[in-house]
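Please open the model in a viewer and keep the selection panel at hand. The tour begins at the ligand and ends with the whole chain.

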Amino acid sequence: MNSTYKVMVVGMGKRGLHHAAAFQANPRFQLAGLCDIDPARLDSAAQKLGNPKTGTDAAALAQEVKPDIFCFCTLPNLRTPLINAGIASGARLIAFEKPVALSSREGMEIKRLLDASGVKAVVSHQHRYGVHYREIKKIAASGALGRIHTVTGTATGWMTHMLSHLIDYARWYAGEPDAQWVMAQAAGRGKFADNHPSPDFIAGIVQFAGGIRGYFEAGAGAPDQPEVAKWWGKNRICVQGTEGFAEVLTNGGWRSISRRDGYQGGDGAMSYDLDMPPYIQEMADWLDDPLKVHACNFGSAYKGMEIMMGLCRSAAEGGQVALPLTAPADELDLLKKAVADRKVLLSSPVNAKEYGV
Ligand SMILES: NC(=O)c1ccc[n+]([C@@H]2O[C@H](COP(=O)([O-])OP(=O)(O)OC[C@H]3O[C@@H](n4cnc5c(N)ncnc54)[C@H](O)[C@@H]3O)[C@@H](O)[C@H]2O)c1
């Protein structure tokens, strides 16, 4: 197919600029509209991006541009109004940033809106296009690890920044199993005030279908990865089976040992420049052919949202939480009430600066 898809991007911050530049660089897309509430930011972005139509009101601009793809990259507190603006504009695909939402209440409402409209959606868990991330998927899918029984994900960055990434890639490595129940603990109140509101530390267990166990940690108490210099890249996602294991560090390459293939390893570091082009291309592929479902489709991200919010509920209320979630809740409010007013304990001095401890 040679059609060109018209795109509008909302939010000209860090991620909006990444998205807009990637759309502009791909001949399958026409960057037709840019929006931000900050006029100076908007003008500067428009000048760099070929001066498409601009506006400070996303819903109004979307009605004017009538994009095929409505993309928004706003902070996590702004999701549903822009989903509504995208649907009302007649867009066929909505692309937005992780996390899906700050509560299961909003996540469920977004799902309801998308299901009712039939509009496709993707959520930006684009690390998975990294060459080192893909090596682990290749090994796990090859059978070299035997029966996969465990996945783990840790990040020193806090929950609302990092946990949905960890869950997304760990589920991918495990073959995208559904979660059956989760259980967690949380500590530290400092990051509730952040624009990615989170407990300072959350750690939890996920029971996946097929007897696969997941362990996740995000925040101040998560282990340092001394092999990685970049603080935001200190994330380890590991998949283990009866015949071996394989792991990726976001900014520290990959390695694997299995009975069949012995030791293997290689380099790799998360790069927006390398990860965005295939992430963007798959949007055109999915619009061309409904069978070519985008790897970062909303359905998969929604399951990750349920896991993350289930972990929050468990940390707030105690005990195991059954998945899928059936009733909505405001998990961050529950956590704010429940997490004790005690300083978080660090895993390593490398976390001291970010957590003010
Ligand atoms: N996938 C990744 O690897 C990755 C990396 C970093 C951030 N993120 C996510 O991307 C999202 C955005 O983060 P960022 O760092 O780009 O934020 P940012 O603060 O740099 O940019 C947000 C922009 O949205 C604009 N904005 C706010 N309200 C608006 C509105 N109503 N209409 C139009 N524009 C509006 C702001 O003026 C700002 O320019 C967050 O959800 C974050 O978690 C993802």
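A residue counts as near a molecule if one of its heavy atoms lies within 4 Å of it. Select the ligand and its surroundings: there are 24 residues around it, of which Arg15, Asp36, Arg41, Lys98 and His196 come nearest. The model is predicted: local features need pLDDT of at least 70 and side-chain atom pairs pLDDT 80 or more, while totals for chains, interfaces and linings use all residues. Residues are numbered from 1 along each chain as its sequence is written, and side-chain values use heavy atoms, without hydrogens and water.

Colour the shell by class next. It holds 9 nonpolar residues, 8 polar ones and 7 charged ones; Asp, Glu, Lys and Arg count as charged, Ala, Val, Leu, Ile, Met, Phe, Trp, Tyr, Cys and Pro as nonpolar, and the others, Gly among them, as polar.

Now turn to polar atom pairs (N or O atoms within 3.5 Å). At Arg41, a side-chain N or O atom is 2.6 Å from an oxygen atom of the ligand. At Lys14, a backbone N or O atom lies 3.0 Å from a ligand oxygen atom. At Ser124, a polar backbone atom is 3.1 Å from a nitrogen atom of the ligand. The ligand alone exposes 870 Å², and the protein buries 82% of that (Shrake-Rupley method, 1.4 Å probe).

Finally, select the entire protein and view it along its principal axes. The C-alpha atoms fill a box of roughly 55 × 50 × 40 Å. Secondary structure comprises 11 helices and 15 strands (DSSP runs: H or I of at least four residues, E of at least two).

Conventions:
Polar contact = N/O pair within 3.5 Å; in protein donor to acceptor, adjacent residues only side chain to side chain.
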